[in-house]
Amino acid sequence: MSVPYNWQYLPLLLQILAAFGLGLGMAVGSFFIGRHRNTPTKLDTYECGIVSVGDARARFSVRFYLVAMLFILFDVEVVFMMPWAVIYKQLPTITGSKFFGFWEMIVYLGFVAVGLFYIVKKGILDWSTDKADL
């Protein structure tokens, strides 16, 4: 006797329903069992174990954002090296030149080195000269 094709998905459907039911049951149970007391202490802001003092709109140094963008930039450059590393051994057969892949990466790393040299010369990574209030 053959089972209809759609009935093969019944265990999956039951598992999905059980997962949603369990999640919904925990949320509803927490709402009815838990205590809801909104005291001033509970409603006060709290961050990292330190009571907040002052305005939340404090000024950050532009250097902070520059370093964050540089991290993303160099991270993306490393990601661009991955496909090259994966097909490095096949590059001579693809391009017809034995050292094309090698010189290609040397040029790429040269551009990265020039960018890093420029960043260091501009003093972006030198936090000792920063006068902003962090």
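Which residues form a nonpolar patch on the surface? Select Val3, Trp7, Leu10, Leu13, Leu14 and Leu17. Together they offer about 630 Å² of accessible area. Keep in mind that this is a predicted model.

**Stop 1: Leu10 and helix H1**

Stay on Leu10, one of the patch residues. Leu10 lies in helix H1. Its relative accessible area is 38%, so Leu10 counts as partly exposed; the partly exposed class runs between 20% and 50%.

Now extend the selection to residues 10–33, the whole of H1. The helix has 24 residues. From first C-alpha to last, H1 reaches 33 Å, close to the 34 Å expected at 1.5 Å a residue. Colour H1 by burial: the number of buried residues is zero, so the helix lies largely in the open.

**Stop 2: helix H3**

Select residues 62–86 next. This is helix H3, with 25 residues. At 1.5 Å a residue H3 should span 36 Å, and its end C-alpha atoms are 37 Å apart, which agrees.

Which residues of H3 are buried? Pick Arg63, Leu70 and Glu77. Then show helix H5, residues 100–122. The buried residues of H3 pack against H5.

**Stop 3: Glu77**

Zoom in on Glu77, which lies in H3. What does Glu77 touch, leaving aside residues up to four places away in sequence? Show Tyr108 and Val112; Glu77 touches both.

Finish with its charge partners. Glu77 is buried yet has no salt bridge. Draw a distance to Lys122, the nearest side chain of opposite charge. Lys122 is 18 Å away from Glu77.

Key
Residues numbered from 1 in each chain as written. Predicted model: local features only at pLDDT ≥ 70, side-chain atom pairs only at ≥ 80, totals over all residues. Heavy atoms only, no water. Helix = DSSP H or I, 4+ residues; strand = E, 2+ residues; numbered from the N terminus. Expected span 1.5 Å × (residues − 1). Buried < 20%, exposed > 50% of the residue type's maximum accessible area, 1.4 Å probe, protein only. Contact = heavy atoms within 4.5 Å. Patch = residues over 30% accessible without salt bridge, like charges linked within 9 Å, V, L, I, M, F, W, Y side chains within 5 Å. Areas by Shrake-Rupley, 256 points an atom, 1.4 Å probe, with all protein chains shown as cover. Salt bridge = Lys/Arg side-chain N within 4 Å of Asp/Glu carboxyl O. Lys, Arg positive; Asp, Glu negative; His and termini not counted.
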